[in-house]
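These are my notebook entries on one structure. I set down what I looked up, entry by entry.

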Number of protein chains: 4
Amino acid sequence: MPLSEKQIQNMELRKKKILEAAMGLFATEGYEGTTIKKVSVAANVSFGSVFTYFKDKEALFYTVVVEPLTELKERVLFFDETSADPLLETKQMLREHFRAFAEMNRYLQLVVQVVGQHERYADVFKELDEFHDVFRGKVGKLVQNGQQIGVFKKQDPLIVATLYTSLLIGVRLNSTDNRYSDVWEQYAVTALNLFAPTEKVTDKGLS
Amino acid sequence: MPLSEKQIQNMELRKKKILEAAMGLFATEGYEGTTIKKVSVAANVSFGSVFTYFKDKEALFYTVVVEPLTELKERVLFFDETSADPLLETKQMLREHFRAFAEMNRYLQLVVQVVGQHERYADVFKELDEFHDVFRGKVGKLVQNGQQIGVFKKQDPLIVATLYTSLLIGVRLNSTDNRYSDVWEQYAVTALNLFAPTEKVTDKGLS
Amino acid sequence: MPLSEKQIQNMELRKKKILEAAMGLFATEGYEGTTIKKVSVAANVSFGSVFTYFKDKEALFYTVVVEPLTELKERVLFFDETSADPLLETKQMLREHFRAFAEMNRYLQLVVQVVGQHERYADVFKELDEFHDVFRGKVGKLVQNGQQIGVFKKQDPLIVATLYTSLLIGVRLNSTDNRYSDVWEQYAVTALNLFAPTEKVTDKGLS
Amino acid sequence: MPLSEKQIQNMELRKKKILEAAMGLFATEGYEGTTIKKVSVAANVSFGSVFTYFKDKEALFYTVVVEPLTELKERVLFFDETSADPLLETKQMLREHFRAFAEMNRYLQLVVQVVGQHERYADVFKELDEFHDVFRGKVGKLVQNGQQIGVFKKQDPLIVATLYTSLLIGVRLNSTDNRYSDVWEQYAVTALNLFAPTEKVTDKGLS
DNA sequence: GATGAATGAGACTTCATTCAT
DNA sequence: TATGAATGAAGTCTCATTCAT
């Protein structure tokens, strides 16, 4: 007797609730600071139910870290590094990236923890690190593109890309707010300097 | 009977060994991942001795995070924000900062943890946050100085300063090495762009 | 609506599968080592179905231990203690007993557990113990019969009977195979000495 | 600072108390039926102290089973299989063996569990099984010795030895008392028949 | 002051049992 | 009746902290 449609939906809802509760707790209280009991209470679910959906705490953590990576990838890798107008592309990219990093606050807090203690979270870090490489590589290509066209000064594109991704995560680490606001808009504008644009860049392109 | 000079020195040595062992463990294994037993073994000291020098685990952690802050402050706040040559001052500052951040790896890993979970480590975070404000303010003044003289383009100096400190911690977070090397040297050079220097900046000033 | 003949047959089949799976698991993994989940998987039946047929784990265990007792009784109490040729009767009994104990390996493993921890399995042990008394009593009568006729030396018949049943279970405990083989045949022959036969006993009667 | 003599003695006492409590519980309630909490209460020791002396439950069980094996070996392998009077030697051996099996009741209950579920307790069973082989071999030699001298009828000595050790453990399994008594004395006398003595054996040698 | 045994709170996890579908 | 998700009691084990020596 297979499960009814309604049951399946209900289970997915419960699983989602658990994941959200777990994400919030892992982000603010850390791995050990988060107990299954706390998660179950926050998710308004019985203690044992957490284990119905996740083999153990480790598996819960893994899912919490890896699953939202899909959304992060989509929001972060959308840009066209082969654009004919790399300056404009970069400006738009910056704005979108800062917006994404502003909005995905809780998740990125988690990412920081994993990256900061990569030896401890080796499995999960591997996933993040692979993404980081892809991300940095793509940014590097855009930088190179801009340099060839002459809108960016000549510099090692990978160094620039590395500094840029570091800047993003660093800003996220140093901020405590969850919303995209004027400050983040300003960050995006100012961060363009990292790419060393040759022309007089005004805010026009972004406004 | 007062303690002899020799005894006092010995105790200080033991305390230092414990602190160093604890720093390494807290940095790589986290707060809960670090047990007093592990610390005592790493410090080559008996289990109970840890409690002779520190009231409890909390106090040990606090000391481990707060005490090295003095060194960090010294290495990071050394620059002269009122310098008559703010461009040169900035270049030198960059190099020294990246060097410091490269070398104080383990400690900064710890800092990242505390900042990333500031709600959890409220007490200790307060100390770090106050330092961060001072640091950012001083950098902001240097930026302002440079803008007035005309070596930097006009931008909100505090935004620039914030991005700069974020970049520093972000680079540290994304790197895994412990030594100052050519890569870090390049970071320092390239990061200057964040300040939007007006003249043609070459590596001369840094080499 | 009463259940159809087919349905009833199906249910009996399912129940039997569960019992067999449970017997194997209880025998090799013990009471606590056996989980309802394992039983359901081994029986190729859903988790909940076990509870459809048995009130709880306790009831399942009880059935697993008590139900096969009928077969054991039949195979073990078949002999005629009033036989006019008690020596021959004893020889045949021995062979059949050892054969039964060789073949009912799994079940007897279970019996050993219950007997070995009779305080813990008081209910179920009671059943086994009553059977044991009957068994021993009947063997005792055969021994007495043989002694009166003079084919066995005089000894306390109950002591002999007790030693004999102990020997049976002891041999079963010390062996790991599941089949009746030459070794078991030899056991049966040699075990006759326990009854202290007066004449020269050869293997003739058994071969 | 090494532990004082007094402290060491106290620790040994505590460890012994735990072992005794554990043996009683494992014997009567089985491995899973025995909880660390029960052991600590029975040993009049705190919960955590059990883990001070034993790595985990498994290690406790192992020690409980393997340590008393030394005593069992001593009490069981004492006899001289090369004796010039193998009949007398056998009679004495029987008496001592039954006495030992009567007195080491609790421990042998444990042995029965391990042997009865050897797959589950593979590690610990190995130790017991090795001992059993030695034991059986030595008994076999004594039987052979007796057969050569002519006090025992010719039979496969190893079969006799196997039946004998099985008888011992079987009797222990079927009895519930803890003391050596008249019944056990009678068992010892009657069990001699298993060896098929040729002469008229009376109780003289044993009384 | 130095040591490490003693303690018990609290975490993770398993699993029998219930019950809605 | 068959199924398997939901639940929470109970067990193992870790580890911070205390304290006697």
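**Entry 1: terms and conventions.** I began with the polar contact, which is a pair of N or O atoms within 3.5 Å; within protein, one must be able to donate a hydrogen and the other to accept it, and residues adjacent in sequence count only if both atoms are side-chain atoms. I noted that this is a predicted model, in which local features need pLDDT of at least 70 and side-chain atom pairs count only at pLDDT 80 or more, while totals for chains, interfaces and linings use all residues. Residues are numbered from 1 along each chain as its sequence is written, chains are lettered from A and ligands numbered from 1 in the order in which they are written, and side-chain values use heavy atoms, with hydrogens and water left out.

**Entry 2: polar contacts of DNA strand E.** I found a side-chain N or O atom of B:Arg14 at 2.8 Å from a phosphate oxygen of DNA strand E. The side chain of B:Ser49 likewise has an N or O atom 2.7 Å from a phosphate oxygen of the strand. At B:Gly48, a polar backbone atom lies 3.1 Å from a base nitrogen of DNA strand E.

**Entry 3: the surroundings of DNA strand E.** I counted a residue as near the strand if one of its heavy atoms lies within 4 Å of it. DNA strand E is surrounded by 34 residues, and the closest are A:Phe47, B:Arg14, B:Ser49, D:Arg14 and D:Ser49. Of the strand atoms that come within 4 Å of the protein, 68% belong to sugar and phosphate. I then looked up helices, which are DSSP runs (H or I, at least four residues) numbered from the N terminus. The largest share of the surface near DNA strand E comes from α3(D), with 5 residues.

**Entry 4: a residue in chain D.** I turned to D:Thr165, which lies in helix α9 (residues 157-174) of chain D. Is D:Thr165 buried or exposed? D:Thr165 has 4% relative accessibility, so it counts as buried (under 20% relative accessible area, with exposed over 50% and partly exposed in between; 1.4 Å probe, protein chains only). A polar atom of its side chain lies 3.1 Å from the backbone oxygen of D:Thr162. I also listed its contacts (heavy atoms within 4.5 Å): leaving aside neighbours within four places in sequence, D:Thr165 touches C:Asn174, D:His132, D:Phe135 and D:Arg136.

Note on methods:
Helices (H or I, at least four residues) and strands (E, at least two) are DSSP runs, numbered from the N terminus.
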